[in-house]
Amino acid sequence: MTYNLNYFEYLNRLPKDDGLLLIRSFMLCESDIRDGFEPYPISLRAINWIKFISKHGINDEEIDRFLYSDYRWLVKNLEHHILGNHLLENAFSLLIGAYYFRDRRLFNKAKKLILAELDEQILSDGAHFELSPMYHSILFHRVLDCYDIARANRQSGSDDLAIFLKGKAVLMTSWLRNICFSNGTYPHLNDSTDGIAPTANELLD
């Protein structure tokens, strides 16, 4: 449960002032937080903070310094020992952070990881190799996010990354359509449950 709280997945459903209060409270309590500074929660939290900051046009140097410090630590502590969806989430977060901070070093690291890991983890039929519809949906959502941001940015290396991500998204779309029931839900296979990932209809829309 504490892992999930540290993801800040709820942040972008909050009003601006409430969200900022939570971010600043988290920063003030840094020394008391046990689970929030491992690579996986850092990856997800940073994505959600950047989405919130961008959505509300927030320009806060203190928050940016905190975020960039997280990324400096993350890039040295990627979850190669766990692999799978953990390493992919590390890579996706690095990419979003690279665009946010306009950091070429983060971009190059993220791109290299994403190309390698998606080639390995997305099978020829479009399934994520853990064969969990829930994890597939979570990662498909992230591929779509990264495709959008790569397409919207014109820095060197973005165009071919966007093309690559689009190809993976097309494959993942096909598998999701095939695994889902006619009502849009998916079977609870391999650690899948409802209410965690975006629904198939949301993703396909």
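These legends describe close-up views of a predicted model.

**View 1. The largest nonpolar core holds 60 residues.**
Trp49, Leu94, Ile114, Leu118 and Leu165 touch the most other members of this core. Eight helices are named as giving two or more residues each, and they can be followed along the chain: α2 (16–28), α3 (39–56), α4 (61–74), α5 (84–101), α6 (104–121), α7 (133–152), α8 (158–179) and α9 (200–204).

**View 2. Leu94 sits among the core residues with the most partners.**
Sequence neighbours within four places are left out here. Leu94 is then in contact with Tyr71, Leu74, Val75 and Leu78, and also with Leu106, Lys109, Ala110 and Leu113.

**View 3. The largest pocket encloses about 850 Å³ of space.**
Its lining has 25 residues. Tyr7, Glu9, Ile138, Ile196 and Ala197 lie nearest the centre of the pocket. Helices α1 (2–7), α3, α5 and α7 each supply at least two lining residues. The biggest share comes from α7, with 5 residues. By class, the lining of this pocket splits into 12 nonpolar, 7 polar and 6 charged residues.

**View 4. The second largest pocket has a volume of about 240 Å³.**
Its lining includes Ile50, Lys51 and Ser54. Ile96, Tyr99, Tyr100 and Arg102 also line this pocket. Asp145, Asp148, Ile149 and Asn153 complete the list. Helices α3, α5 and α7 each give at least two residues to this lining. The class count is 5 nonpolar, 2 polar and 4 charged residues.

**View 5. Leu44 is found in helix α3.**
Leu44 has a relative accessible area of 3%, so this residue is buried. Outside its neighbours within four places in sequence, Leu44 is in contact with Tyr7, Glu9, Glu89 and Arg142. Two of these names return from View 3: Tyr7 and Glu9 are among the residues nearest the centre of the largest pocket. Ser93 gives a distance marker for this view. Leu44 and Ser93 are 49 residues apart in sequence, yet 6.9 Å apart in space, C-alpha to C-alpha.

**View 6. Pro41 is also placed in helix α3.**
Relative accessibility is 0% for Pro41, so this residue counts as buried. Pro41 touches Tyr3, Asn6, Tyr7, Asp35 and Gly36, with residues up to four places away in sequence not counted. Tyr7 is likewise in contact with Leu44. Pro41 and Ser31 are 10 residues apart in sequence and 16 Å apart in space, C-alpha to C-alpha.

**View 7. Gln121 has its place in helix α6.**
Gln121 is a polar residue by class. Its relative accessibility is 0%, so Gln121 counts as buried. Residues up to four places away in sequence are set aside for the contact list. On one side of the sequence, Gln121 touches Gly84, Asn85 and Leu88. On the other, Gln121 touches Ala127, His128 and Phe129.

**View 8. Cys29 and Cys180 fall into two exposure classes.**
Cys29 is partly exposed, because its relative accessibility of 33% lies between the 20% and 50% cut-offs. Cys180 is buried, because its 17% falls under 20%. The disulfide count for the model is 0.

How values were computed: Residues are numbered from 1 along each chain as its sequence is written. This is a predicted model: local features need pLDDT of at least 70, side-chain atom pairs count only at pLDDT 80 or more; totals for chains, interfaces and linings use all residues. Side-chain values use heavy atoms; hydrogens and water are left out. A nonpolar core is a set of buried Ala, Val, Leu, Ile, Met, Phe, Trp, Tyr and Cys residues joined through side-chain atoms within 4.5 Å. Buried means under 20% relative accessible area, exposed over 50%, partly exposed in between (1.4 Å probe, protein chains only). Helices (H or I, at least four residues) and strands (E, at least two) are DSSP runs, numbered from the N terminus. Contact means heavy atoms within 4.5 Å. A disulfide is a pair of cysteine sulfur atoms within 2.5 Å. On a 1 Å grid over the protein atoms alone, a cavity is a set of points where a 1.4 Å probe fits but cannot get out, and a pocket is an open set with protein on both sides within 12 Å along at least five of seven lines; lining residues have an atom within 4 Å of a point. Grid points are joined across faces, edges and corners, and a volume is the space filled by probe spheres set on the points.
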